Amino acid sequence: MSKRLEKKIALITAAGAGIGRASAIKFAREGARVIVNDINVDLAEQTLAFIIEQGGQGEVMVADVTDQQAVEKMVKQSHQALGQLDIVFCNAGGSLPSAYAEVSDDEFETIYALNFRSVHYCIKAALPIMLAQQSGTFLCTSSGAGINYSPGLAAYGAAKAGLTSLARSIAVEYGSQGIRANVIAPGPIETPSLRAWLDSLDAKQTEKTTQSTYQQWCEHVPVGRLGNADDIANAAVFLVSDEAAFVNGVLLPVDGAIHAKLSSA
Ligand SMILES: NC(=O)c1ccc[n+]([C@@H]2O[C@H](COP(=O)([O-])OP(=O)(O)OC[C@H]3O[C@@H](n4cnc5c(N)ncnc54)[C@H](O)[C@@H]3O)[C@@H](O)[C@H]2O)c1
């Protein structure tokens, strides 16, 4: 079997669960040595245990990606320990929907810090290393909410749209120096956190409906199902691999055709 990420060192943020965990496992299966970042040490160690169980290699780096000093330390330590840094997957993010008028300035800042500032911190810390290597690739996780209107996700969508703009600038400004920066925009992905939130909406319903919120969401997706974390991890492996050497500054929706549906409406 081909190993598309052989000899690569890959840092993945929020790799203790969901898309980050699935990507960490897949990257390792493709031969990368994976630095598993998460704010939660137990979750990060579980991911590393899966990697090792499957014969892969990696280490855990616990850090809060909204803390610039912690991110700088993590990137520096990873580079010093492993001697190179080829892939940085800025994946941390998330938010629960809330009407814009009800989002306080503090809440906005929290959403912005997790979904945008964290990406800036990771890129800022890793870019000098990649420029010195004259090679390296960034991948950032946006969202359908960063491309199209999504109810209750104004702050989150704005932060996700912002990271796409940042990645494009990196691609254009540093592409001639061997740097790539791409963005992946997942549609609804059936991670434990999303499933729990959908179930909580059903629990709050006062009127009896024939369909659960989960079923309604599945119907909204043209392919008829929610995505899973492996759908995103599969696309991520391609985007960070040398097979995508000419793919730079791209925003790739991986969403079962939701973006196609909304943008052609
Ligand atoms: N799940 C979806 O439906 C969906 C859809 C579109 C975009 N996304 C995006 O995909 C990315 C991953 O989402 P997910 O649903 O897989 O996540 P998740 O909620 O399943 O996992 C989140 C992980 O992030 C870690 N984490 C939280 N705050 C952190 C911090 N400050 N520093 C480091 N780690 C932190 C948590 O401990 C946890 O392990 C996010 O950027 C999210 O916005 C998700």
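Me: Which helix gives the most residues to the shell around the ligand?
Reply: In this predicted model, the shell around the ligand draws two or more residues from helix 6 (192-204) and from one other helix. The one that gives the most contributes 3 residues, and that is helix 1.

Me: Which residues come nearest to the ligand?
Reply: The ligand has 27 residues around it. By class, this shell has 2 charged, 12 nonpolar and 13 polar residues. Those that come nearest are A14, G16, A17, G18 and G93.

Me: How many helices and strands does the protein have?
Reply: Helix 1 is one of the helices that give residues to the ligand shell. Over the whole protein, the count is 9 helices and 7 strands.

Me: What radius of gyration does the protein have, and what would a compact globule have?
Reply: The C-alpha atoms fill a box of roughly 60 × 40 × 35 Å along the principal axes. For 265 residues, a compact globule would have a radius of gyration near 18 Å. The protein agrees with this, because its own value is 18 Å.

Me: Are helix 1 and helix 2 roughly parallel or roughly antiparallel to each other?
Reply: The axes of helix 1 (residues 18-29) and helix 2 (residues 41-53) come within 9 Å and cross at roughly 25 degrees. Angles under 35 degrees count as roughly parallel. Helix 1 and helix 2 are therefore roughly parallel.

Me: Which residues of helix 2 meet helix 1?
Reply: Helix 1 passes helix 2 in a right-handed crossing. By class, their contact has 5 nonpolar, 1 polar and 1 charged residues. On the side of helix 1 the residues are R21, A24, I25 and A28, and in helix 2 they meet T47, F50 and I51.

Me: Are helix 1 and helix 8 roughly parallel or oblique to each other?
Reply: Helix 1 packs with helix 8 (residues 229-240) at an angle of about 50 degrees, and their axes are 8 Å apart. Roughly parallel requires an angle under 35 degrees, and roughly perpendicular runs from 65 to 115. The pair is therefore oblique.

Me: Which residues of helix 8 make the contact with helix 1?
Reply: The crossing of helix 1 and helix 8 is right-handed. Helix 1 brings G18, I19, R21, A22, S23, K26 and F27 to the contact. By class, the contact holds 8 nonpolar, 3 polar and 3 charged residues. From helix 8 come A229, D230, I232, A233, N234, A236 and V237.

Me: Are helix 3 and helix 4 roughly parallel or oblique?
Reply: The axes of helix 3 (residues 68-82) and helix 4 (residues 105-133) come within 9 Å and cross at roughly 30 degrees. The limit for roughly parallel is under 35 degrees. Helix 3 is therefore, relative to helix 4, roughly parallel.

Me: Which residues of helix 4 meet helix 3?
Reply: Helix 3 and helix 4 make a right-handed crossing. Their contact divides into 7 nonpolar, 2 polar and 1 charged residues. Helix 3 uses Q68, V71, E72, V75 and H79, and these meet Y121, C122, A125, A126 and I129.

Definitions and conventions. Residues are numbered from 1 along each chain as its sequence is written. This is a predicted model: local features need pLDDT of at least 70, side-chain atom pairs count only at pLDDT 80 or more; totals for chains, interfaces and linings use all residues. Axes are lines fitted to C-alpha atoms, for helices over the stretch in contact, and angles run from 0 to 180 degrees between N-to-C directions. Helices (H or I, at least four residues) and strands (E, at least two) are DSSP runs, numbered from the N terminus. Angles under 35 degrees count as roughly parallel, over 145 as roughly antiparallel, 65 to 115 as roughly perpendicular and the rest as oblique. A crossing is left-handed if the near helix is turned anticlockwise from the far one by less than a right angle, and right-handed if clockwise. Two residues are in contact if their C-beta atoms, placed from the backbone, lie within 7 Å. Ala, Val, Leu, Ile, Met, Phe, Trp, Tyr, Cys and Pro count as nonpolar, Asp, Glu, Lys and Arg as charged, and the others, Gly among them, as polar. A residue is near a molecule or strand if its C-beta atom, placed from the backbone, lies within 6 Å of it. The radius of gyration is taken over C-alpha atoms; the globule rule is 2.2 Å times the number of residues to the power 0.38.
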